[in-house]
Amino acid sequence: MGEKGKKSKTMSKSPSAAKEHKEQLERLQKKDPEFYQYLQQYGKDLLTFDDEDEDFDDDAEVYMEDAENQLDDETYQHDIPEEEEKPSKNVLTTEMVNSWCKSIREDEKLSAVHSIMKAFRTACHYGDDTGTDSSAKFAVMSSSVFNKIMLFTLSEMDRILRKLLKLPASGGKKETIIELMNTKQWKNYNHLVKSYLGNALHVLNQMTDTKMISFTLRRLQYSSVFLAAFPSLLRKYIKVALHFWGTGGDALPVVSFLFLRDLCVRLGSDCLDECFRGIYKAYVLNCHFVNASKLQHIQFLANCVIELIRVDLPTAYQHAFVFIRQLAMLLRDALNMKTKEAYRKVYEWKFINCLELWTGAICTYSSEADFRPLAYPLTQIISGVARLVPTARYFPLRLRCVKMLNRISAATGTFIPVSMLLLDMLEMKELNRPPTGGVGKAVDLRTTLKASKPILKTRAFQEACVISVVEELAEHLAQWSYSVAFFELSFIPAVRLRSFCKCTKVERFRKEMRHLIRKIEANDEFTNERRASVTFLPNDNAATSFLEDEKKMGTGPLSQYVTTLRQRAQQRNDSMMESSVLVGEKSAVFGKKLDQIPDSDEEDDIKNDDGATVFSSSWLPGGDSRANLPKEEEKKKKKKKKGMEQDEGVGDDEDVVEDLVLSSDEDEDEEDTAEEDGNEEQLGGSRQQNKKQKPKNLSNK
């Protein structure tokens, strides 16, 4: 007590100062009766004093003038007992938050805004190791208080900041923020904007619940235009959004993509380059492996990249040119070096999915002058990949390349000779001889790049390949079935198809080919009858309008046949999807999920209900944050990736391209049998070793 007395003497005030402070309290009672009532409940000693009181601290004056200092440490050191000191200065209660929210909504008090922002910072950094940081005013809060602070701040802060800065209620561009940065309002309140965006970014890295992250990102999207003033925060937000876009579940990838797209639209050149590079890199990282459960998700990611390109096609062209050139360099290395490693870099899912991505982009923007020039180099790369290793084990990859070429041809209206790629497949012994490996399991060519040798000799693989050849060849011919030169175009394919019918020993394949030949002959008659009456030469511009009306109606024999083939392929794919165990069946699909995102007006109506549902758990930051994943989970992820590599149907050894000999050569029969015998011996030895090691692994577990 002696020490306190000494302190009070050194900090004493004159009678005039005490009188002035009394007047301040009277003004406070008239101006803010609720806060004055709060002081009467929790700080009576501050209100009961006389002119001779010598224990008043300088900070009390600041405390009365600004509501954000109502729980300041130094104020409570003198007149409040030690038993009441701890809960009053450290605990953030629901009543305090409610009073701030009420003052902001009803009276729009700036002091309450400062208080709620300090509470928001505490909530976002709750659980962090602050050490002896004296600026951390509130050290304890409950989960209900955390939820209330987060919900109010995320829902209302954008409106508050825009009102303080005299901006429109929504929208805005980079130019608006640049002009605002020279005004007095920005100098007074920019610290509130930076605090809101910075603390929200911090808590995003701590959150683990996808619905909570989605709600937070959706609300931050309204304030994304303010990031034009903070380049370092902008880069961090792009990085976080890209991570959620590539790895999130439920609606989080769609919300993250809309956040990124909004940034590109509003900020323009400040973030376009970084977003284009980042989203392409994230796409590549997430398409290393393909199985039935990841098909939809990879397609969604590709659709997002294509949609983002729409924001600025000239800028996107420059990046697309660089990325396609990288693919061309990998193919060139494989053609020149002819090593196993060089072939492996081309014949992997990452490379093929990148080709699929740029094929989709060129097909989408084929009518745009900024993007159409990329069609030619991409076509050359795809054709080179299809011919790189012409063996039967890579039939699935070749069919995938042919499908991409057909899509580019249809979108650009350019003739691409793909019939030779398909007809060469029919001349290999694996497709024109009866199978020797039994029936086998159904083969999904969409999730296969390379077939193993046992699968290569099964009836299921033969049927899948022959049916796909028929479908793609019919697609190719149907694109030009209304051309004046269709008879000359289809002559060589028809001759080689008849040759296949004579050579093949499989009756069902012969039947399928004869059906296609009949449709080609019917289409020849269909075009020859009409071109017999024309008077223009083949090189005249009038040739482009030949059978234009029939093409729009699709009355040609080949067009009708292709329609039935598409329906059959769709039914086959649906049955395979149903028979597969789809772990990610409800993964993000661009079209479906995008329809579920409400409009801005609808979201304003339901945001409180949605937020109250999201922020209703007992979660607090600093516990099981996403940023602090244990090392065991990282190890598990690595094991999963290794397992997925093995599930591809081709192991690491099988992925190595051993030779470039055509599989139709007679000399390969002996090599295949010798290799199979050697592989069986190795497999037998490895099985015995696995049997011996199995009990040891179980005991370890």
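Reader: Is Glu-512 buried or exposed?
Author: This is a predicted model, and Glu-512 lies in helix α28, residues 507-531. Its relative accessibility is 18%. The cut-off for buried is under 20%. Glu-512 therefore counts as buried.

Reader: Which residues does Glu-512 touch, not counting residues up to four places away in sequence?
Author: Helix α28 holds Glu-512. Leaving out residues up to four places away in sequence, Glu-512 has contacts with Val-470, Tyr-561 and Arg-568.

Reader: How many helices and strands does the protein have?
Author: Glu-512 sits in one of the helices, α28. Strands number zero in the protein, and the helices number 34.

Reader: What percentage of the residues in the protein is buried?
Author: The protein has 701 residues. A residue needs under 20% relative accessible area to count as buried. The buried share is 46%.

Reader: What share of the contacts with a separation of 6 or more comes from residues 24 or more positions apart?
Author: Contact here means heavy atoms within 4.5 Å. Among contacts with a separation of 6 or more, residues 24 or more positions apart account for 76%.

Reader: Why is helix α15 largely enclosed by the rest of the structure?
Author: Helix α15 covers residues 252-267. Its buried residues include Leu-252, Phe-257, Asp-262 and Cys-264. Of its 16 residues, twelve are buried, so the rest of the structure largely encloses α15.

Reader: What should the 16 residues of α15 span, and how far apart are its end C-alpha atoms?
Author: The rise is 1.5 Å a residue, so the span should be 22 Å. The end C-alpha atoms agree with that, being 22 Å apart.

Reader: Which residue follows α15, and what is its phi?
Author: The last residue of α15 is Leu-267, which is buried. Next comes Gly-268, with a positive phi near 65°.

Reader: Are α16 and α17 roughly parallel or antiparallel to each other?
Author: α16 is residues 269-285 and α17 is residues 295-309. They pack at about 165°, with axes 10 Å apart. Angles over 145 degrees count as roughly antiparallel. The two helices are therefore roughly antiparallel.

Reader: How many residues of the contact of α16 with α17 are nonpolar, polar and charged?
Author: α16 passes α17 in a left-handed crossing. Cys-275, Phe-276, Ile-279 and Tyr-283 come from α16, and they meet Ile-298, Leu-301, Ala-302, Val-305, Leu-308 and Ile-309 of α17. By class, no residue is charged, none is polar and ten are nonpolar.

Reader: Is Leu-301 buried or exposed?
Author: Leu-301 lies in helix α17. Its relative accessibility is 0%, so Leu-301 counts as buried.

Reader: What separates the C-alpha atoms of Leu-301 and Asn-286?
Author: Leu-301 touches Asn-286, along with Trp-245 and Tyr-283, not counting residues up to four places away in sequence. Leu-301 and Asn-286 are 15 residues apart along the chain. Their C-alpha atoms are separated by 8.6 Å.

Reader: How many residues in the contact of α12 with α14 are nonpolar, polar and charged?
Author: The axes of α12 (residues 184-204) and α14 (residues 231-247) come within 11 Å and cross at roughly 30°. That makes the pair roughly parallel. From α12 come Lys-194, Leu-197, Gly-198, Ala-200, Leu-201 and Leu-204, and from α14 Leu-233, Lys-236, Tyr-237, Val-240 and Phe-244. The classes are eight nonpolar, one polar and two charged.

Technical notes: Residues numbered from 1 in each chain as written. Predicted model: local features only at pLDDT ≥ 70, side-chain atom pairs only at ≥ 80, totals over all residues. Heavy atoms only, no water. Helix = DSSP H or I, 4+ residues; strand = E, 2+ residues; numbered from the N terminus. Expected span 1.5 Å × (residues − 1). Buried < 20%, exposed > 50% of the residue type's maximum accessible area, 1.4 Å probe, protein only. Axes fitted to C-alpha atoms, helices over the stretch in contact; angles between N-to-C directions. Parallel < 35°, antiparallel > 145°, perpendicular 65-115°, else oblique. Left-handed = near helix turned anticlockwise from the far one by under 90°. Nonpolar A, V, L, I, M, F, W, Y, C, P; charged D, E, K, R; others polar.
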